[in-house]
Amino acid sequence: MVEVIKKGAYLMDSQIVWADEARGAEAPDTAREKTIAYSILRAHDRSTDPAKMRIRFDALISHDITFVGIIQTARASGLEKFPVPYAMTNCHNSLCAVGGTINEDDHAFGLSAARRYGGIYVPPNQAVIHQYARERLAGCGKMILGSDSHTRYGAYGCMGIGEGGGELVKQLLENTYDVPAPEVALVYLDGRPRKGVGPQDVAIALVAAVFPSGDVKNKVLEFVGPGVKELSADYRAGIDVMTTETSCLTSIWETDGTIRDYYENIGRPGDFRELKPGNGAYYDSVVKIDLSRVECMIALPFHPSIAYTVHELQADPERIFAEVEDACNKQLGGKVAMDLRRSIVDGKVTCDQGVIVGCSGGMYENVVEAAKILEGQSIGNGYFDLSVYPSSTPISLAITRNGAAATLMEAGCVMKPAFCGPCFGAGDTPANNSLSIRHATRNFANREGSKPGDGQTAAVALMDARSIAATARNGGVLTAATDIDYGTPTPEELAYRYDGSVYAKRCYEGFGKADPSAELRYGPNIKDWPHMPKLENDLLVRLCAVIHDPVTTTDELIPSGETSSYRSNPLGLSEFALSRRAPEYVGRSKAVRALEEARERGETPAEAARVLAKVGGDAARTTIGSCVFANKPGDGSAREQAASCQKVLGGFANICYEYATKRYRSNCINWGIVPFTMDAGTEFPYEDGDWVYIPGVKAAIAGGVEDFAAKVIRKDGTVTDLPLKCAGLTADEKLILQEGCLMNYYAAGYGKD
């Protein structure tokens, strides 16, 4: 299905020519400029150094668990008006079911900010963030920055990048997004998908092939090849949105008449232009996908890369579930036990819940084909249930008018409004130890809403809407869509009749209409950021969480789900930091924060003095903070709160072997957390409560030093050496760390022309 070739190649006359066989080809650095990716990146690059890009985006987009914090940060940094279109959607905290008024207070704040600063406001349940961007903001050759990791619009010829809120703040203040010039991986599509195989099947196969070994980490994926023309716009977008799970930086596709027709359908024909790589374009690696060989797939907990074909799981569920259970229970740390094998009944895998939702599942064609599979059928009255969330009101209108929604309801499905909740645990939380199959983006631990601290867990497996519908038709018994007979949707049924009139009636389009007299509307839960201390010359941090899991996700660093309601309250949200992975972390960090607060008042805390005496440190010139060690932190969401909560609690450093994503490392820097790393193979035998002292850290960062001679003061009083690194900081990042965070950086007068 998917073949990964880890060597350079040129695309010559639409054919792959390996670099070691190419005759007369240009040098890679020159020929890489012929890719679609570089044609777009260079058009947005403000840097004079071709190896270090400084990008300005055409538009920004956020949802309601990020935009309040972004605007509060930008406001504290001198924001006057939005310089580019900035859309604020309300698709994450739409239920308003937790915490009284606080979710709706955030929505009112968003509308008031759109009025004051000249933004775009999308009311609750009108669209999920990425569908709105597809229908209203994307354009060929454009770039969009979003505060959500699944910001991917490459199928429409638009490069989308998902980052933490600090990077959007920089754009709002007309600064740049700084990134090393990325490598580009060619994703070459051939063949044509079989009936019943959907975009999620292709996406899961791709993620499984490239994620585990990091083959495309921080690269741009460029999709070309004869297979592209065999895919509809929706199908391409369904693959594209899942490229986030490969850990790539972003993605882009060649465009053709199918994409031209899409832009005409949504009333923006001027945003189409043909994009294709230049002859002789160079790619740093190649991924080949034979679409005709892709099977119906299932990704088991706790990652989209834990992938099997549905047929493989059907043939050997006992062994596969036992292996997955073992890995999951190790990750759950003994707090609760997952029992996947309870889902095997009479040798068959049975599911308790199905959900088709969000930016990946709720697209028009997915819903239409699910309806075709369930036409005249019933999901039954057993434990299995199915919810369908179209991803925008225009899609809801289209499936209402063509009868697809009625067909689904007649089969027993529940139709719901545009909402992202089931993707991150804020809706459709399954029963304890249930197996939920979802056409959604992620299946990380506890992301479905369970609470392991209360003895709860559930399993989410990712599947395509087609196989979810086939399973529903079979009463919850796991079924591949290729194994059932159903009527093929006609071209008329597959034609998305876009009607944007509801957007025109309900969304506030305020770009270019900033009104400084408009007052921001605050609710009692919307709080300003607390004081953020600056970095002194030396740094003393206490290990408040030591995590040796292979990967630590942002969902573990700051849980999703009901905690989202507190994301406009920095202190309130910080109480949940690492609560599902290391619940002692918050108390430990607060105790360390109290030491720094005392030091800032001119006092010398006795504990700090005792520790510093071991290494000859001076409390007057030493910042005291907390620290997290994890092997590889930051996989998953772009949410900046994974770092800001650490900072609010007094965090000043993280130590790891590598950061899972650029976006999490950037979040740490923007919140003044020094992102230390260690060489692979370096032992880390230290424990919660041990101290790490890094002398001269501020001057070293300012001077571009990348190697640090730290010392560990263990609880028993012994002192050992610990070599640390902090490499690749930009000039701005060095200043941000010295000042203590991005807000302090702007308050000090930096970052302004």
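Disulfides come up empty here: a search of the whole structure finds zero of them. Keep in mind that this is a predicted model. Beyond the cysteines, there is an open sheet of three strands to look at, plus nine cavities of 30 Å³ or more.

**Cysteines**

- Take Cys-158, which is in no disulfide: the nearest cysteine sulfur belongs to Cys-140 and sits 8.3 Å away. A disulfide needs the two sulfur atoms within 2.5 Å.
- Is Cys-158 buried or exposed? Cys-158 counts as buried, because its relative accessibility is 0%.
- Cys-544 is in no disulfide either, and the nearest cysteine sulfur to it, that of Cys-627, is 8.2 Å away.
- Cys-544 has a relative accessibility of 0%, so Cys-544 counts as buried too.

**The three-stranded sheet**

- Reading across the open sheet, the strand order is S3-S2-S14, and the pairing is antiparallel.
- Why do S3 and S14 each have one side without a neighbour in the sheet? Strand S3 (15-18) and strand S14 (281-283) stand at the edges with a single partner strand each, so one side of each is left free of a neighbour in the sheet.
- On average, neighbouring strands of this sheet are turned by 35° against each other, direction ignored.
- Strand S2 covers residues 9-12 and pairs with S3 in the antiparallel sense, over four bridges.
- If you want to find that pairing on screen, go to Leu-11: its bridge partner in S3 is Ile-16.
- As general background, strands of a sheet pair through backbone hydrogen bonds.

**The largest cavity**

- Of the nine cavities of 30 Å³ or more, the largest has a volume of about 190 Å³.
- Which residues lie nearest the centre of the largest cavity? They are His-63, His-92, Asp-148, His-150 and Arg-447, out of a lining of 20 residues.
- That lining of the largest cavity splits into seven nonpolar, nine polar and four charged residues.

**The second largest cavity**

- The second largest cavity holds about 80 Å³ of space.
- Its lining includes Arg-152, Glu-163, Asn-218, Ser-247, Cys-248 and Leu-249.
- Two elements give two or more residues to the lining of the second largest cavity: strand S9 (159-162) and helix H24 (662-670).
- Ile-161 and Gly-162 are also among the lining residues, as are Lys-662 and Arg-663.
- By type, the lining of the second largest cavity comes to three nonpolar, four polar and four charged residues.

Note on methods
Residues are numbered from 1 along each chain as its sequence is written. This is a predicted model: local features need pLDDT of at least 70, side-chain atom pairs count only at pLDDT 80 or more; totals for chains, interfaces and linings use all residues. Side-chain values use heavy atoms; hydrogens and water are left out. Two strands pair if DSSP finds at least two bridges between them. Axes are lines fitted to C-alpha atoms, for helices over the stretch in contact, and angles run from 0 to 180 degrees between N-to-C directions. On a 1 Å grid over the protein atoms alone, a cavity is a set of points where a 1.4 Å probe fits but cannot get out, and a pocket is an open set with protein on both sides within 12 Å along at least five of seven lines; lining residues have an atom within 4 Å of a point. Grid points are joined across faces, edges and corners, and a volume is the space filled by probe spheres set on the points. Ala, Val, Leu, Ile, Met, Phe, Trp, Tyr, Cys and Pro count as nonpolar, Asp, Glu, Lys and Arg as charged, and the others, Gly among them, as polar. Buried means under 20% relative accessible area, exposed over 50%, partly exposed in between (1.4 Å probe, protein chains only).
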